[in-house]
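Q: I would like to learn how to read a structural model feature by feature. Could we begin with the general idea each time and then turn to the case at hand?

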Amino acid sequence: MKTSFFTKILSPLCAVLILAFCLFSCTEPPKEPVSNSYKKKLISYREGRVLFDEYTRTNHEILMKYRNGEPDSRWYWFSLEDMEGYIKYVKENARKQKLKNPGIRIYMGKYPMNHPKNRMAKPEYAGYQTIFLVPTAQKREREKAMVRSATTEENTDVTSIESMNMTNLAPPPKMLSETMP
């Protein structure tokens with residue numbers, strides 16, 4: 001049985017096309033390079049403990065007096081998945097809005113006693129301090145010209161990108177309020 005000319009050419013061509021399709025569809029898209037500038041800002045657990053103890057000795061003591069001896073939240077937790085997702089969300093929106101030098105500012109806050117329960121990680125967090133994350137970007141030239149204040153901040157809050165909260169926080173028991181987990 002003779003093989004036709006087209007079959008001889010078509011079979012290897014199909015195999016090459018299928019192989020090329022598999023190679024291109026199975027490879028991951030190139031990832032954005034990640035800066036290692038954070039390495040200069042790392043601190044040891046011991047250095048963190050110094051900061052925690054100083055907060056306990058000063059600010060936390062004032063809060064305990066204001067709260068009639070009841071402790072306030074001392075730490076906050078976001079999953080890596082939530083943080084990575086939020087960072088990606090901020091980057092994508094900053095790119096769409098052509099914002100320069102995007103970042104995230106961490107603000108302190110406090111849940112009012114009548115705060116909507118579905119806007120906290122847990123309803124029992126009403127009355128406790130919390131943190132929330134706010135996207136920032138480099139001030140535009142027009143904003144720089146308009147603001148003639150003594151501030152030296154390079155970035156400003158971006159109100160067109162949503163902030164993130166609903167973290168898990170820890171209102172510790174009274175006897176453990178001075179210890180870092």
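A: Helices (H or I, at least four residues) and strands (E, at least two) are DSSP runs, numbered from the N terminus. Read in that way, the protein chain has four helices and five strands, and from the N terminus on they follow the order α-α-β-α-β-β-α-β-β. This is a predicted model, in which local features need pLDDT of at least 70 and side-chain atom pairs count only at pLDDT 80 or more, whereas totals for chains, interfaces and linings use all residues. Residues are numbered from 1 along each chain as its sequence is written, and side-chain values use heavy atoms, with hydrogens and water left out.

Q: What share of the residues of the protein chain counts as buried?

A: Buried means under 20% relative accessible area, exposed over 50%, and partly exposed in between (1.4 Å probe, protein chains only). Of the 181 residues of the protein chain, 24% count as buried. The area that the protein chain exposes is about 14,500 Å², of which carbon and sulfur atoms supply 61%; accessible areas come from the Shrake-Rupley method with a 1.4 Å probe, and for residues only the protein chains shown count as cover.

Q: How should I read contacts, and which residues does Q129 touch beyond its neighbours in sequence?

A: Contact means heavy atoms within 4.5 Å. Among contacts between residues at least 6 apart in sequence, 70% join residues at least 24 apart. Q129 lies in strand β3 and, at 9% relative accessibility, is buried; leaving aside neighbours within four places in sequence, its contacts include Y55, L63, D72, Y76, M108 and L169. Y76, in strand β1 (residues 76–77), touches among others M108, Q129, I131 and L169, not counting residues up to four places away in sequence. Y76 and A170 are 94 residues apart in sequence, yet their C-alpha atoms are 6.6 Å apart in space.

Q: Which salt bridges can I look at, and how are they recognised?

A: Side chains of opposite charge can pair when their charged atoms come close. A salt bridge is a side-chain nitrogen of Lys or Arg within 4 Å of a carboxyl oxygen of Asp or Glu, and the structure holds five salt bridges. One of them joins D53 and R49 at 2.8 Å, N to O; these two residues are separated by about one helical turn because they are four residues apart in helix α2 (residues 45–66). D53 is partly exposed at 32% relative accessible area, and R49 is partly exposed at 26%. Another joins R67 to D72, with the closest N and O atoms 3.9 Å apart, and both R67 and D72 are buried. In a further salt bridge, the closest N and O atoms of R105 and D157 are 2.4 Å apart. That pair links distant parts of the chain, R105 being in strand β2 and D157 in strand β4 (residues 155–157), 52 residues apart.

Q: What should I look for where aromatic rings are involved?

A: A pair of aromatic rings is described by the distance of the centres and the angle of the planes. Rings of Phe, Tyr and Trp (its six-membered ring) pair if their centres lie within 6.5 Å; planes under 30 degrees apart count as stacked, over 60 as edge-to-face and the rest as tilted. A search of the whole structure finds two aromatic pairs, one of them formed by Y107 and F132, which are stacked at 5.4 Å centre to centre with 15 degrees between the planes. This pair links strand β2 (residues 103–110), which holds Y107, to strand β3 (residues 129–138), which holds F132, across 25 residues. Y107 is partly exposed at 29% relative accessible area, and F132 is partly exposed at 27%.

A charge sits over a ring if NZ of Lys or CZ of Arg is within 6 Å of the ring centre and within 35 degrees of the ring normal. The charged end of R67 sits over the ring of Y128, 4.7 Å from its centre, and R74 lies over the face of F52, 4.1 Å from the ring centre.

Q: Where does the backbone have a positive phi outside glycine?

A: Most residues other than glycine have a negative phi, and most peptide bonds are trans. N68, in the loop between α2 and β1, has a positive phi of about 55 degrees and is exposed at 71% relative accessible area. K98, in the loop between α3 (80–96) and β2, has a positive phi near 55 degrees and is exposed at 70% relative accessibility.
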